[in-house]
Amino acid sequence: VLTYLRRERLMRVLMVLTAILSVFGFPYIAMMPVFARDVLHSGATSYGALTSSIGIGAVIGALAIALRSARIRKRGRLMLLGGSAFGVLLILFSASRMLALSMVLLALAGCAMIVNNSLMNTLLQTSAPDHLRGRIMGFYSFVFVGMAPFGAFLFGVVAEHTGVPTTLAAGGAIVLLSVIIVAWTVPEIRTQ
C-alpha cells in the first residue's frame with residue numbers, strides 16, 4: 001500500500017489531507033466540554049446542545065450527499081469546498097460567545113465535515129485499483145481514526161497554554177490553509 005501511495009500522487013494527497021483534518025480539525029469535538037464551561041460559561045445542558053448540533057448537521061450532510069450522489073459531477077471540488085467550509089466554520093465557532101450561534105455554527109461544521117469525509121472516502125474507493133481497494137480503505141481508516149487521538153492530545157496541550165478559542169481557530173486555519181494548498185497544487189482533484 002505504501003509503495004502504491006508513494007507512486008500515486010492523487011491518493012497520497014488524499015491520505016495526507018485526511019491526516020491533517022484528523023489531527024487539526026476533528027479534535028474540536030474533544031474541546032466541547034471545556035468550550036461550554038470556560039467560553040460559554042454554561043454547564044452540561046449546553047454541552048449536550050453543542051454536541052447534538054454537530055450530530056444534527058452531520059446527519060443532514062450525510063442525507064444530502066446520499067440523496068444527491070447521482071447528480072454530483074465534481075466530487076473532488078465539492079470535497080474541497082466541504083473541507084474549506086469546515087475550516088472556516090471552526091474559526092467562526094472559536095469566536096462565538098453565544099450558545100445559539102455556537103449551535104448553528106457547529107451544525108454547519110458537522111455538515112461540512114461529513115460532506116468532506118464521505119466524498120474523500122468515495123474518491124479513494126473509486127480511484128483505487130480493485131486489487132488494492134480493501135488495503136487502501138484499511139489504511140484510510142487507520143489514518144482517519146488513528147490520528148484523531150494525537151490531535152486531541154495536541155489540542156489539549158495547546159489549549160492549556162493558549163486557551164480553547166485560540167486552539168480551535170488555529171486548527172481551523174490549518175485545515176483551511178491545507179485544503180487551499182491542495183486545491184491549488186493538485187488541480188486533478190477538482191476534476192474528479
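**Exercise 1. Which residues is Ser94 in contact with, leaving aside its neighbours within four places in sequence?**

Solution. Start with the contacts: beyond those neighbours, Ser94 meets Phe35, Pro165, Leu168 and Ala169, where contact means heavy atoms within 4.5 Å. Next, place the residue: Ser94 belongs to helix α5. Helices here are DSSP runs of H or I with at least four residues, numbered from the N terminus. Finally, check accessibility: Ser94 has 6% relative accessibility and so counts as buried, a term for under 20% relative accessible area with a 1.4 Å probe, protein chains only.

A word on the model before going on: it is predicted, so local features need pLDDT of at least 70 and side-chain atom pairs count only at pLDDT 80 or more, while totals for chains, interfaces and linings use all residues. Residues are numbered from 1 along each chain as its sequence is written, and side-chain values use heavy atoms, with hydrogens and water left out.

**Exercise 2. Describe how helix α5 and helix α9 cross, and name the residues that make the contact.**

Solution. Two packed helices are described by the angle between their axes and the distance between the axes.

- Step 1: the axes of α5 (residues 75-95) and α9 (residues 164-185) come within 7 Å and cross at roughly 160°. Axes are lines fitted to C-alpha atoms, for helices over the stretch in contact, and angles run from 0 to 180 degrees between N-to-C directions.
- Step 2: α5 and α9 are therefore roughly antiparallel, the word for angles over 145 degrees.
- Step 3: on the α5 side, the contact is made by Leu80, Gly83, Ser84, Phe86, Gly87, Val88, Leu90, Ile91, Phe93 and Ser94. From α9 come Pro165, Leu168, Ala169, Gly172, Ala173, Val175, Leu176, Val179, Val182 and Ala183.
- Step 4: sorted by class, this α5 and α9 contact holds 15 nonpolar, five polar and no charged residues. Here Ala, Val, Leu, Ile, Met, Phe, Trp, Tyr, Cys and Pro count as nonpolar, Asp, Glu, Lys and Arg as charged, and the others, Gly among them, as polar.

**Exercise 3. Now do the same for helix α2 and α9.**

Solution. First, the geometry: the axes of α2 (residues 9-24) and α9 come within 9 Å, crossing at roughly 170°. This pair is therefore roughly antiparallel. Then list the partners: Arg9, Val13, Leu17, Ile20, Leu21 and Phe24 of α2 meet Gly171, Gly172, Ile174, Val175, Ser178, Val179, Val182 and Thr185 of α9. By class, that contact of α2 with α9 has nine nonpolar residues, four polar and one charged.

**Exercise 4. Which residues of helix α3 are buried, and which helices do they pack against?**

Solution. Within α3 (residues 32-39), the buried residues are Met32, Phe35, Ala36 and Val39. They span an arc of only 110° around the axis, so they lie on the same side of α3; the arc is that of the directions from the helix axis to the C-beta atoms. Their packing partners are α4 (44-68), α5, α6 (99-127) and α9. Just after α3 comes His41, with a positive phi near 50°.

**Exercise 5. Where do Leu105 and Ala112 sit, and what does each touch?**

Solution. Take Leu105 first: this residue is in helix α6 and is buried, at a relative accessible area of 9%. Not counting residues up to four places away in sequence, Leu105 touches Leu89, Leu92, Phe93 and Ser96. Ala112 is also found in α6 and counts as buried at 7% relative accessibility. With the sequence limit of four places applied again, Ala112 touches Gly82, Ala85, Phe86 and Leu89.

Technical notes. Helices (H or I, at least four residues) and strands (E, at least two) are DSSP runs, numbered from the N terminus. Angles under 35 degrees count as roughly parallel, over 145 as roughly antiparallel, 65 to 115 as roughly perpendicular and the rest as oblique. Buried means under 20% relative accessible area, exposed over 50%, partly exposed in between (1.4 Å probe, protein chains only).
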